[in-house]
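Thanks for coming. I have one model to go through today, and I will keep to its geometry.

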Amino acid sequence: MDLRTALVTLRLRHPFGLSRGTVSELPSLLVRLDPGDPDGAAPEGPDRRGLGEASPVRYLGQSAAAAAPLAMAIAAELAPAVLADPRAIVAAAARMRELAPDHSAARCAVDTALWDAAARARERPLAELLADPDVLDRAGLDRHVLSATSGASLTSYTIALDELPAMAARAAAAAHLPVLKIKLGRGREFDRAAARAVAAAAPRARLRVDANGGWTPDDVRALLPLLVDLGVEQLEQPLPAGRPDLLAALARDSPLPIYADEDVQGPDDVAALRGRIAGINVKLMKCGGISPALATIAAARDSGLRVLVGCMIESRVGLAAGAALARLADEADLDAHMLTRDDPMPPGSQERLAPELPRLCGPGLGVPPGALPAGSDLGPARVA
């Protein structure tokens, strides 16, 4: 199948800081898969082209530029017939892993485009297709496990690491939202002050904390009493990835539910945390697309873990794919459309802060395939 690519820069509305550093813009690769006529659909049929995105997982050493040749190599091996059967799309994910073992975002771009194209060919929204019991059964997934939730209905909004006055100001601007996620991991004293500042600026919001692996076990024990006093309801990836045993030991004595993010890259990582933490953050970019994300959600359900569907800094393409999975999740953190300032994909970035999920109307993802911008060259991510 033919694959068109476009490298774009997603500029951020504010510097986006977490424990690993701060950025003001990030590159992303957009792709469009053309299963037949490169100009679109046959004269008497739906547009079967599919969109996907590779927003690189930078802590794994991925780049948007490196995703392009990998995505094209994957697409070159695909036959249009794969779109006729969800089992074939799921099966193709295994071959994608062989072709791009170290670039989950590149795999995500093509896998998402396949699902988008399959939904468009059926003239159905992707969220509806992924919730169809027959589709889940044909894909070899247990629909009862995958549908064991009423689905996420709103997104949290991120207050990224920054100077304390800036964090407090952003929390005040978002104080009307139901859930705020606070990025911490800059040191105990700063983190204490930041948590207090956000809580004071948004007294009615439910609070969650994400340290992105920036704490030690001693840090967690020192900070937990304050987080409990402030009413924080969830703590995500407090410890560096790679030691799920330490995360499990911490969760055993924690008064707050512990969620894993960086410690769960896909379905194979779930078993080590079975029954040991509260939940996991499933992101398409780190899993490798919708197919492995479905498998990860199924593994989490089988292990009694809650599911949070999250995102990287992504365009409307990646966000729409994440929103399509939200029906199968318990919670969502899909707020990149409110963090960017000039998303090139319609309907673009959103200045208004609102809790609604970034779902779009129409078949597939709801993003017009013809909106793919012309390709452009990018330099490295600019550091603020």
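I will take the overall dimensions, then the two sheets, then the helix packing, then two backbone details.

This is a predicted model, so a caution on what counts: local features need pLDDT of at least 70, side-chain atom pairs count only at pLDDT 80 or more, and totals for chains, interfaces and linings use all residues. Residues are numbered from 1 along each chain as its sequence is written, and side-chain values use heavy atoms, with hydrogens and water left out.

Overall first. The chain has 14 helices and eleven strands. Helices here are DSSP runs of H or I with at least four residues, strands are runs of E with at least two, and both are numbered from the N terminus. The radius of gyration is 20 Å, close to the 21 Å that the globule rule gives for 384 residues, so the chain is as compact as a globular protein of that length. That radius is taken over C-alpha atoms, and the rule is 2.2 Å times the number of residues to the power 0.38. Along the principal axes, the C-alpha atoms fill a box of roughly 60 × 40 × 35 Å.

Now the sheets. As a reminder, strands of a sheet pair through backbone hydrogen bonds, either parallel or antiparallel. I call two strands paired if DSSP finds at least two bridges between them.

One sheet is open and has three strands, in the order β1-β2-β3, with antiparallel pairing. Its edge strands are β1 and β3 (50-54), each pairing on one side only. Neighbouring strands in this sheet are turned by 25° against each other on average, direction ignored. Angles in this talk run from 0 to 180 degrees between N-to-C directions, and axes are lines fitted to C-alpha atoms, for helices over the stretch in contact. β1 covers residues 2-18 and β2 covers residues 21-34, and 13 bridges hold this antiparallel pair. The connection from β1 to β2 is a hairpin of two residues. To place the register, R4 has R32 in β2 as its bridge partner. On the other side, β2 and β3 run antiparallel with five bridges, and there L29 stands opposite A54 in β3.

The other sheet is also open. Eight strands make it up, ordered β4-β5-β6-β7-β8-β9-β10-β11, and the pairing is parallel. β4 (157-159) and β11 (331-333) are its edge strands, each with pairing on one side only. From one strand to the next the twist averages 30°. Within it, strand β7 (residues 232-236) runs parallel to strand β8 (residues 258-260) through two bridges, with L235 opposite I258 in β8. Helix α12 (residues 290-302) packs on this sheet and touches β9 (279-283) and β10 (306-310), and its direction makes about 175° with that of β9. Contact means heavy atoms within 4.5 Å.

Next, the helix pairs. How do helix α7 (residues 164-173) and helix α8 (residues 188-201) cross, and at what angle? Their axes come within 8 Å and cross at roughly 25°. That makes α7 roughly parallel to α8. The cut-offs are under 35 degrees for roughly parallel, over 145 for roughly antiparallel, 65 to 115 for roughly perpendicular, and oblique for the rest. The crossing of α7 and α8 is right-handed, where right-handed means that the near helix is turned clockwise from the far one by less than a right angle, and left-handed anticlockwise. From α7, L164, M167, A168, A171 and A172 meet F190, A193, A194, A197, V198 and A201 of α8. By class this contact has eleven nonpolar, no polar and no charged residues. Nonpolar covers Ala, Val, Leu, Ile, Met, Phe, Trp, Tyr, Cys and Pro, charged covers Asp, Glu, Lys and Arg, and the others, Gly among them, are polar.

α8 also packs on helix α9 (residues 217-229), at about 25° with the axes 11 Å apart. Here R188, D191, R192, A195 and R196 in α8 meet D218, D219, A222, L223, L226 and L227 in α9. This contact divides into five nonpolar, no polar and six charged residues.

Last, two backbone details. Most residues other than glycine have a negative phi, and most peptide bonds are trans. E123 is not a glycine but has a positive phi of about 55°, and it sits in the loop between α3 (104-121) and α4 (126-130). P346 and P347 are joined by a cis peptide bond, with omega about 5°. P347 lies in the segment after α14 (336-339).
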